[in-house]
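I opened the notebook to look up aromatic contacts, strand pairing and one pocket. The entries follow in the order of the look-ups.

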Amino acid sequence: LDARFAQRPHAYARLRQIADMMDQAIVQGCTADQAEAQAVEQIRHLGWDLLSDWAQEKQQQSLAAARLAHPKASQHAKKVTWFTTFGAVEICEQLLRLFRRGAQLRHFCLAAGVRHQGYSRPLQRVLADFGAEASFQAATLLVKEHYGVLVPISALRQQTLRHGRAITALADPQKARAATQLITEMDGSMIPVMEPGGGHDRRKGKRLFWREVKLCCARPVGSVQTRYGATLGNATTAGWLWQEVARSSGLNPKTRVHGLGDG
């Protein structure tokens, strides 16, 4: 272990702390729940240490490769931070510049697939999962509780909505035949919704109320194929859905759109 972790000081120090934590948990007579909480905390720290050591090694590897390709390029440093399920990871990236005013080579960001102030794919999934099930403010508390990561409400909202817009059961817009003219419309209709009762027997005390469903459709002129979309969401959600319905029917920058509506 001394030889294997000689180049990974953060991870090696954490392994020693994990061993110390196990000894202390036994001496202090911790319960199973207390021992589990300590173990989870140490694993979180270990994950961050592993990512930090990985980033340093990746930085050295990518810099060496970039130096071989551009031996005359000048070198300077710039801080790069991205957010993961183990917390924010930071590294001082060594950039190369071609000539005095030439382009910058972000070799580490390119090789590692990260960008400054970006969010890792696993963390994006966590944010979208919690953000879809609760209010954005409550979701940030859930992320903090389960992953120990504090994320701004604005970031959680942005990631949830961005991934939500990508979810669609419609035809792939890339495969849709371009339409020269499109007929499209959106309208609302009230539908009855039954709310279950409270208490032990949810079949009792039901409440009937009405909600507006927004229905949109689109079809190319001369076609009998009409695509529909419906949502109980707000106006913003309805707008996203309407756009996807139109795109799946052939909408493109050159399409003439004939919109029907009332009011």
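Entry 1, aromatic rings. I began with Trp82, which is buried at a relative accessible area of 6%. The model is a predicted one. I then looked up Phe108 and found it buried as well, at 0% relative accessibility. The ring centres of Trp82 and Phe108 are 5.9 Å apart and the planes stand at 45°, so I noted the pair as tilted. I located both partners along the chain: Trp82 belongs to strand β1 (residues 74-84) and Phe108 to helix α3 (residues 107-112). With these positions 26 residues apart, the pair links distant parts of the chain. Trp54 joins Trp82 and Phe108 in one aromatic cluster.

Entry 2, pair count. I counted pairs with ring centres within 6.5 Å, and the count comes to four aromatic pairs. One of them is Phe5 with Tyr12, with centres 5.7 Å apart and planes at 20°, so this pair is stacked. The cut-off I used for stacking is under 30 degrees. I checked burial next, taking under 20% as buried. Phe5 has a relative accessible area of 19% and is therefore buried. Tyr12, at 18%, also counts as buried. I also looked for a charge at Tyr12: the charged end of Arg16 sits over its ring, 4.7 Å from the centre.

Entry 3, strands. Which sense do β5 and β6 pair in? I found strand β5 (residues 181-195) and strand β6 (residues 207-220) paired antiparallel, over 14 bridges. To fix the register I noted that Thr184 stands opposite Ala218 in β6. On β6 I then looked up the pairing with strand β7 (residues 227-231), which is antiparallel too and has five bridges. Here Leu215 stands opposite Ala230 in β7. The hairpin of β6 and β7 has six residues between the strands, and in it Gly222 takes a positive phi near 90°.

Entry 4, pocket. I turned to the second largest pocket, which holds about 330 Å³ of space. How many residues line this pocket? I listed 19, and those nearest its centre are Gly118, Tyr119, Ser120, Arg121 and Gln124. The elements giving two or more residues to the lining are α2 (32-69), β1, β4 (118-119), α4 (121-133) and α6 (153-166). I sorted the lining by residue class and got seven nonpolar, nine polar and three charged.

Key:
Residues numbered from 1 in each chain as written. Predicted model: local features only at pLDDT ≥ 70, side-chain atom pairs only at ≥ 80, totals over all residues. Heavy atoms only, no water. Phe/Tyr/Trp six-rings, centres within 6.5 Å; stacked < 30°, edge-to-face > 60°. Buried < 20%, exposed > 50% of the residue type's maximum accessible area, 1.4 Å probe, protein only. Helix = DSSP H or I, 4+ residues; strand = E, 2+ residues; numbered from the N terminus. Lys NZ or Arg CZ within 6 Å of the ring centre and 35° of its normal. Pairing = 2+ DSSP bridges. 1 Å grid on protein atoms, 1.4 Å probe; cavity = no way out; pocket = protein on both sides within 12 Å on 5 of 7 lines; lining within 4 Å. Points joined across faces, edges and corners; volume = space filled by probe spheres on them. Nonpolar A, V, L, I, M, F, W, Y, C, P; charged D, E, K, R; others polar.
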